[in-house]
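Visitor: Got a minute to go over the charged pairs in this one? I'd like to take them one by one.

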Amino acid sequence: MIQGTVNPADEDRYRVLVQAVTNYAIYMLDPSGIVTSWNAGAERFKGYASREIIGQHFSRFYTPEDRDSGLPARALETAAREGKFESEGWQVRSEGNRFWAHIVIDPIRDPGGNLAGFAKVSRDLTEQKKAEEELRKSQEQFQRLVQGVTDYAIYMLDPQGIITSWNSGAERIKGYSANEIIGKHFSQFYTPEDRERGGPQSALETAAREGRVEREGLRIRKDGTAFWSHVVIDSIRHDNGELLGFAKITRDITERKKAQESLDQAREALFHSQKMDAIGKLTGGVAHDFNNLLMAVLGSLELLRKRLPDDPQLLRLLDNAVLGAQRGASLTQRMLAFARRQQLDPRPVDIISLIQGMKELLERSLGSRASIQTKFPLSLNQVMIDESQIELALLNLCVNARDAMPDGGTILISARQERIGERHGAGLAPGEYVCLSIMDSGEGMDEDTLARATEPFFTTKGVGKGTGLGLSMVHGMTEQMGGRLVLISHKGAGTTAEMWLPVAAATSDRAREQEPLSPKTAEAASLRILAVDDDVLVLLNTAAMLEDLGHAVTEAHSAAAALDLLEEQPFDLVITDHAMPKMTGLQLSDAMKTKWPKIPVIIATGYAELPGAREMNVLSKPFTEKELACSIACVSRI
C-alpha cells in the first residue's frame with residue numbers, strides 16, 4: 001500500500017523514472033479502475049498510446065472469460081482490503097493477441113487513509129511461460145516415457161535410499177505397486193546376505209563418490225523369488241553440487257544369464273571333448289606302438305617255450321616273463337579302450353541277466369566290506385554291447401565304489417530305459433538307451449577331481465594301488481559302442497557312475513558269426529603266405545609263428561613291396577599290418593581285389609575303427625600262435 005505526501009520535486013523525479021521504465025507496465029488507476037497514467041513500458045506491452053487508454057477502464061486488458069468471472073473487480077477489492085493483489089494470467093493487447101503477465105496491484109491512500117486509487121505493475125512473462133510450458137511438456141513426455149518402459153525398472157531414491165518414484169517396469173520386474181513401495185528403503189530388494197555385507201549402502205556410497213555404480217547380482221521380488229539383475233545407480237546433484245538423490249535402473253537378465261551359462265557349459269564340454277580327443281589320439285598311438293613291442297615279446301616267448309628243455313626253473317622264469325607281458329597287453333587294451341580303438345564284438349545282450357550272472361563274481365571280488373543290491377524293472381530291451389567288455393567295466397566300477405567306502409557300505413546297481421531327445425545333458429545321439437547305474441555311499445569327489453576322473457593315468461589311490469586307466473577305459477569303451485559314461489558326485493555324498501548303452505535293434509545286422517574252431521580244424525595245410533609289416537620285430541615274430549605252424553613264409557616290409565612280390569610269385573594268403581606308412585593294410589587289400597581277388601587277406605591290428613572291418617578278416621594284436629592258426633583256418637574254409 002502506498003500512503004503519504006510527496007513534494008513536487010520528488011514527484012517529478014518519480015514521474016521521469018516511471019516513464020523511463022520499459023520492461024514493466026506501470027500505471028495508475030482511480031478507485032473505480034479508470035486508467036489515470038501510462039508509462040512507456042505499458043505502451044510497449046499493451047500496445048496503447050497514453051491518449052488512447054487514459055480514461056478507459058483497466059478491465060479491457062483482461063480476457064472475456066476473466067471479465068465475465070468478475071476478476072478485475074475482485075482484484076481491486078482484494079488490493080483495497082488486503083493491501084496487495086498479485087497474480088499471473090493471460091492479458092490482452094490492443095490488437096487482441098494475448099500475453100502472459102505477472103500483475104501486482106497496490107492501493108494508494110491519502111494521509112487520512114482514504115483510498116485514492118491503485119498503482120498497477122505488469123510484467124510480460126510470455127517467453128518465460130513458453131519455456132516453462134515446454135519444460136512441463138518435456139517432463140510429462142519423459143514421465144510417460146519412463147512409465148511406458150516395461151523392460152527396465154526405473155525409479156528414484158532420495159539421498160538415504162528411500163524410493164520416491166516407481167515406473168511400470170519396476171512393478172513388472174519387482175512385483176510391487178507404486179503405493180506399496182514408495183517410501184520404503186531400496187535395500188529390501190537385496191538378498192539377506194548382501195544386506196549383511198552392506199551391499200546397498202556400499203552401492204550408494206560408490207555412486208555418490210564416483211557419480212555412478214554398475215553391478216550384477218541376485219535381487220528379490222515381492223513373492224520372495226530371486227532373479228539375476230543388472231543394476232546401474234547414478235547420483236543426481238543440484239547445480240551447486242548438493243546431492244539430491246539417485247536414479248536407479250534395474251534390468252532382469254535371468255534369461256541372458258541362463259543362456260550365457262548354457263554357452264559356457266557348451267564351451268566347457270567342447271573343450272573337454274577336444275582335450276579328451278587329443279589325449280585319446282596320443283594314448284592310442286602309444287598303445288599301438290607298445291602293442292607291436294608286446295607282439296614281438298609274447299610271440300618270441302611262446303616260440304621259446306617250445307624249444308626250451310623241460311627245466312622247471314627256466315619254465316618258471318619264462319612263465320613270469322609271459323605274465324608280465326600279458327599284464328602289459330592288458331594295459332594297452334585299456335589304453336586302446338580309452339582311445340576308442342579297441343577291437344569290440346557288440347551283440348544284443350540282456351543286461352539284467354548279465355548282471356545277475358555276475359553277482360556272485362562281484363561279491364567274491366569285493367569281499368565282505370561292501371554289499372551289493374540290485375534294482376531293475378520287470379523287463380528291459382536288449383542292449384548292443386560287447387559282453388566281455390561290459391563285464392570288465394562293471395567289475396571296475398564296483399571295485400572303485402568299494403574303494404570309495406573305506407568303512408564299508410552298500411553298492412546299488414540299477415538300470416532303467418529312457419528315450420533321449422535332441423538336447424540331452426549327456427550329449428547322446430537321440431534314441432533309446434538303457435542307463436546302467438552303479439551308486440555308492442562313499443566319500444564322493446570334489447569338482448576338480450570329478451573333472452579329471454576319466455583322464456588316463458589320473459588316480460586318487462596310493463602308489464601301486466591303481467593304474468588310473470579304469471574309468472578312462474570305461475569312458476572310451478562306452479563311447480565306442482555308441483553310449484556314454486556319466487559321473488555324478490559331490491564331496492561327502494557318494495558317487496553314481498552311469499553307463500548309457502544303446503538299445504539293440506529288433507533285428508541285428510551283425511555279420512555272420514564264425515563257428516568255433518576245434519583244434520583239428522585249426523590245423524590247416526601248409527600254405528604259401530605273404531607276411532607284411534613295417535615293424536621289423538613284429539614281422540620277424542609273425543614269420544616265425546607261421547613257419548612254426550608249417551607254412552612257407554615270404555616277408556614284405558611295406559605294402560608296395562608286397563604288391564611287387566604278388567606280381568612275381570603266387571600266394572595262398574596275405575597277412576598284413578594295418579597302420580603302415582604310404583599305404584595301409586586296408587588299401588593293400590583293396591588294391592589286391594582287382595588282380596588277385598581270390599587271395600584272402602587277414603588284417604592284423606590293434607585298432608578297432610577300421611572302415612569296412614565287418615567284411616574283413618581281422619586279427620587283434622597282440623595274438624598268440626593258436627589265435628593265428630585259428631584265423632588262418634577260418635579264412636581257408638571261406
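Visitor: Let's start with Asp 403. Which side chain does Asp 403 meet in a salt bridge?
Guide: Arg 402, at 3.0 Å from N to O. Keep in mind that this is a predicted model.

Visitor: And are those two buried or exposed, or something in between?
Guide: A bit of each. Asp 403 is partly exposed, with a relative accessible area of 30%, while Arg 402 comes out at 18% and counts as buried, because the cut-off for buried is under 20%.

Visitor: OK, switching to Asp 572. What does Asp 572 form a salt bridge with?
Guide: With Arg 528; the closest N and O atoms there are 3.1 Å apart.

Visitor: Where do the two sit in the chain?
Guide: Asp 572 is in the loop between helix 19 (559-568) and strand 19 (573-577), and Arg 528 is in strand 17 (residues 528-532). They're 44 residues apart in sequence, so the pair ties those parts together. Both ends are partly exposed: Asp 572 at 29% and Arg 528 at 39%.

Visitor: What about Arg 93, which residue does Arg 93 pair with?
Guide: Asp 124, with 3.3 Å between the closest N and O atoms. That one links distant parts of the chain, 31 residues apart: Arg 93 is in the loop between strand 3 (85-92) and strand 4 (98-109), and Asp 124 is in strand 5 (residues 115-124). Arg 93 is buried at 15%, whereas Asp 124 is partly exposed at 25%.

Visitor: Which residues are linked in a network?
Guide: Asp 194, Arg 197 and Arg 219 are joined that way by salt bridges.

Visitor: And how many salt bridges does the structure hold?
Guide: There are 22.

Terms used:
Residues numbered from 1 in each chain as written. Predicted model: local features only at pLDDT ≥ 70, side-chain atom pairs only at ≥ 80, totals over all residues. Heavy atoms only, no water. Salt bridge = Lys/Arg side-chain N within 4 Å of Asp/Glu carboxyl O. Helix = DSSP H or I, 4+ residues; strand = E, 2+ residues; numbered from the N terminus. Buried < 20%, exposed > 50% of the residue type's maximum accessible area, 1.4 Å probe, protein only.
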